[in-house]
Amino acid sequence: MLSFKWRHFEKEIILLNVRWYLAYPLSYRNLEEIAEERGYHVDHSTLNRWVINYAPELEKEFHKKKRPVNGRWRMDETYIKVKGEWKYFYRAVDKEGNTIDFLLTAKRDMKAAKRFFKKAIKRNGRPELVNIDKSGSNKAALNSINKEDSDAPKVEPIVIRQCKYLNNIIEPLSSSSFIKSIFSQFWIDIMRLLLIVMQTFNNKSYLKTSVIR
């Protein structure tokens, strides 16, 4: 449960400002001005603390309240330049477009892909099928997981399908301009937290009433 004890602002104001910052190309100074127009004052440093402090808590709420995903996953990754360096954003959705999991990494290789799949499986269970693009590292990661689990009783191997057009459902969120605007402003460790919040607000299966009551 999100705690707002000892905060000087109502929880609705805090979460609304966090959402505005992540969903739109607004700076903390912009949000300060918007707050003044609405009759309250909040410092830009306070807004920064809200975004960073509530990201882990929102992730916990996200995984508690989101509905179970189905066993047919669609996975892809995109790349974005962060302070002059390329970073990689791994993401998987089910066939309905609901987020399964996501991961920001410094490298795009088999090790990074395997780390993503392990994280997703731990939180959502083992999929029956994963659709990927033509990436050899993603396929190698799934093959490695299948090999590791080959001796486990009653564990079926994950079916690997490579069909690019089926991953079109991922494109709007994994390559949108507001992700890029977020990435251009923060160090890699802070970005991981911001991605958690952004995906929470964009996930169809997230129950908003669990956050704002």
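Read along the sequence, the chain runs α-α-α-β-β-β-α-β-α-β-α-α-α. The model is predicted.

**Exercise 1. Take stock of the chain: how many helices and strands are there, and what share of residues is buried?**

Step 1. The secondary structure amounts to 8 helices and 5 strands.
Step 2. The chain has 213 residues, and 48% of them are buried.
Step 3. Turn to contacts with a separation of 6 or more: 63% of these link residues 24 or more positions apart.
Step 4. The accessible surface is about 11500 Å², with 53% belonging to carbon and sulfur atoms.

**Exercise 2. Check the span of helix α4, residues 110-124. Then inspect its ends.**

Step 1. Helix α4 has 15 residues.
Step 2. The expected span is 1.5 Å times one less than the number of residues, so α4 should span 21 Å.
Step 3. The end C-alpha atoms of α4 are 21 Å apart, which agrees.
Step 4. At the N-terminal end, D109 acts as a cap: one of its side-chain oxygens sits 3.3 Å from the backbone nitrogen of K111.
Step 5. Just past α4, G125 has a positive phi of about 90°.
Step 6. Buried residues of α4 include F116, F117 and I121.

**Exercise 3. Place N131: is it buried or exposed, and which residues does it touch?**

Step 1. N131 belongs to strand β4, residues 129-132.
Step 2. Buried means under 20% relative accessible area. N131 has 0% relative accessibility, so it counts as buried.
Step 3. Its side chain makes a polar contact of 3.2 Å with the side chain of R161.
Step 4. A polar atom of the N131 side chain also lies 2.8 Å from the backbone oxygen of C163.
Step 5. Leaving out residues up to four places away in sequence, N131 touches W73, R74, M75, R161, Q162, C163, L166 and N167.

Methods:
Residues are numbered from 1 along each chain as its sequence is written. This is a predicted model: local features need pLDDT of at least 70, side-chain atom pairs count only at pLDDT 80 or more; totals for chains, interfaces and linings use all residues. Side-chain values use heavy atoms; hydrogens and water are left out. Helices (H or I, at least four residues) and strands (E, at least two) are DSSP runs, numbered from the N terminus. Buried means under 20% relative accessible area, exposed over 50%, partly exposed in between (1.4 Å probe, protein chains only). A polar contact is a pair of N or O atoms within 3.5 Å; within protein, one must be able to donate a hydrogen and the other to accept it, and residues adjacent in sequence count only if both atoms are side-chain atoms. Contact means heavy atoms within 4.5 Å. Accessible areas come from the Shrake-Rupley method with a 1.4 Å probe; for residues, only the protein chains shown count as cover.
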